[in-house]
Amino acid sequence: MSRHQPKPASFESPVHVTRPMLPELDAYAEKLRSVWDARWLTNAGANHNTLEERLSHALEASHLSLFNNGTIALTSALKALDISGAVITTPFTFAATVHALAWIGITPVFADIDAATMTLDPRCIEPLITERTSAILGVHVYGIPCDVSGIQAIADRHQLRVIYDGAHAFGSRVGSRPICDFGDVTMLSFHATKLFHTAEGGALISRTSEMKRKIDLLKNFGIEDEATVVLPGINGKMNELQAALGLLTLDMVPRERMKRQRIISIYCSRLAELPGISCPVGADDPESSSFQYFPIRIDVEGAAKSRDLVHAQLKAFNVFTRRYFHPLCSACPCYANLPSAAPGQLPVAQRIAQEVLVLPLYGDLKDDDVHRICDIITYVLGSE
Ligand SMILES: *Cc1c(COP(=O)(O)O)cnc(C)c1O
């Protein structure tokens with residue numbers, strides 16, 4: 001059928017999976033003027049404090065601390081909770097999740113994921129718990145929530161802490177509750193590739209004012225006052241240039257979300273029917289989705305073509321999809337020798353890492369472009 005379709009034209013310029021939102025340059029310049037006037041560039045400046053308040057409100061998070069990036073935030077969360085020994089985590093994530101553990105001498109222990117949500121499978125966690133285990137580090141991958149109640153039940157049984165990497169989960173919800181309501185601490189990333197961004201940036205959301213206080217100390221070298229350093233902290237502070245950008249991009253989030261929802265609904269209606277292709281369930285639901293990524297899965301049997309071949313052939317049309325998260329973190333040379341990294345122990349993650357393909361998703365993509373991407377995917381799947 002599609003074998004006989006005419007070959008669609010390539011895009012004139014490369015289409016990537018994301019494109020950062022940017023406010024009008026004049027609006028940013030105006031914000032910068034007040035920074036210049038104040039000559040206050042970092043260390044809990046006016047923009048930092050306003051952004052922290054506004055994000056707390058937007059995310060329904062009472063205890064939010066801004067950071068200079070998500071990776072330092074995640075490392076600081078592990079420190080704030082006194083995590084040591086071994087931590088059970090997912091191999092199906094961006095390297096930073098696992099690096100945050102390794103960086104402070106914690107052994108990552110990989111557990112397999114659930115085939116539907118692509119997040120940690122609680123059934124695979126419990127058998128990996130030993131006396132060295134101190135926490136579970138889940139990732140709400142693509143903004144899809146982990147099985148938060150299943151994970152919490154295990155944590156309660158074994159007195160473990162729960163930390164979430166919510167880098168993709170800005171605005172995700174579980175039922176009527178915001179995603180940051182779950183776990184001891186949730187990390188967010190505001191990197192330029194994330195929907196809400198401050199170029200580089202991040203945050204930790206904690207459960208109590210004592211924990212927020214500790215986190216705020218840790219991100220500023222553990223300095224309590226001029227004469228007192230109480231904790232071995234780090235420099236995790238968000239500066240005024242980042243925060244000023246964030247105040248403007250935050251205003252753009254509702255519109256960006258609407259545009260992304262529309263794009264996802266076009267993708268789903270055009271692609272879900274293709275043989276071997278599946279779209280993530282609930283991806284276009286504004287009540288629960290973060291609209292961070294749109295990952296399809298390509299089953300090599302059904303599609304009669306591998307994901308890798310589709311990925312490669314799309315490049316010829318100037319469509320640059322991404323195979324997030326292939327290779328698995330457990331396959332990276334720095335972790336592949338861990339006992340839990342053996343491929344045979346992670347069959348679901350292995351399979352999904354061969355199937356996922358993240359498609360372009362950003363507000364500036366026009367409906368016509370999305371249809372054109374769908375035409376190209378349809379053509380590629382039907383061609384040799
Ligand atoms: C982006 C990302 C991070 C790292 O955040 P940075 O702000 O870039 O340090 C961590 N985990 C996941 C899953 C990410 O996608």
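A salt bridge is counted where a side-chain nitrogen of Lys or Arg lies within 4 Å of a carboxyl oxygen of Asp or Glu. In this predicted model, the count under that rule comes to 21 salt bridges. Side chains of opposite charge can pair when their charged atoms come close.

Glutamate 126 and arginine 157 form one such pair, with an N to O distance of 2.9 Å. The two residues belong to distant parts of the chain, 31 residues apart: glutamate 126 is in the loop between α5 (122-125) and β4 (133-139), whereas arginine 157 is in helix α6 (residues 148-158). Glutamate 126 has a relative accessible area of 28% and is partly exposed. Arginine 157, at 51%, is exposed.

A salt bridge also joins the side chains of glutamate 52 and lysine 212, at 3.0 Å from N to O. Glutamate 52 is part of helix α2 (residues 46-59) and lysine 212 is part of helix α7 (residues 209-218), so the pair ties together parts that are 160 residues apart in sequence. Both residues, glutamate 52 and lysine 212, are buried. They also take part in a network of salt bridges that links Glu52, Lys212, Asp216 and Lys219.

Aspartate 308 pairs with arginine 323 in a further salt bridge, in which the closest N and O atoms are 3.1 Å apart. Aspartate 308 lies in helix α10 (residues 307-315) and arginine 323 in the loop between α10 and α11 (347-355), so this salt bridge ties together parts that are 15 residues apart in sequence. Aspartate 308 is partly exposed, at 29% relative accessibility, and arginine 323 is partly exposed with a relative accessible area of 27%.

Key
Residues are numbered from 1 along each chain as its sequence is written. This is a predicted model: local features need pLDDT of at least 70, side-chain atom pairs count only at pLDDT 80 or more; totals for chains, interfaces and linings use all residues. Side-chain values use heavy atoms; hydrogens and water are left out. Helices (H or I, at least four residues) and strands (E, at least two) are DSSP runs, numbered from the N terminus. Buried means under 20% relative accessible area, exposed over 50%, partly exposed in between (1.4 Å probe, protein chains only).
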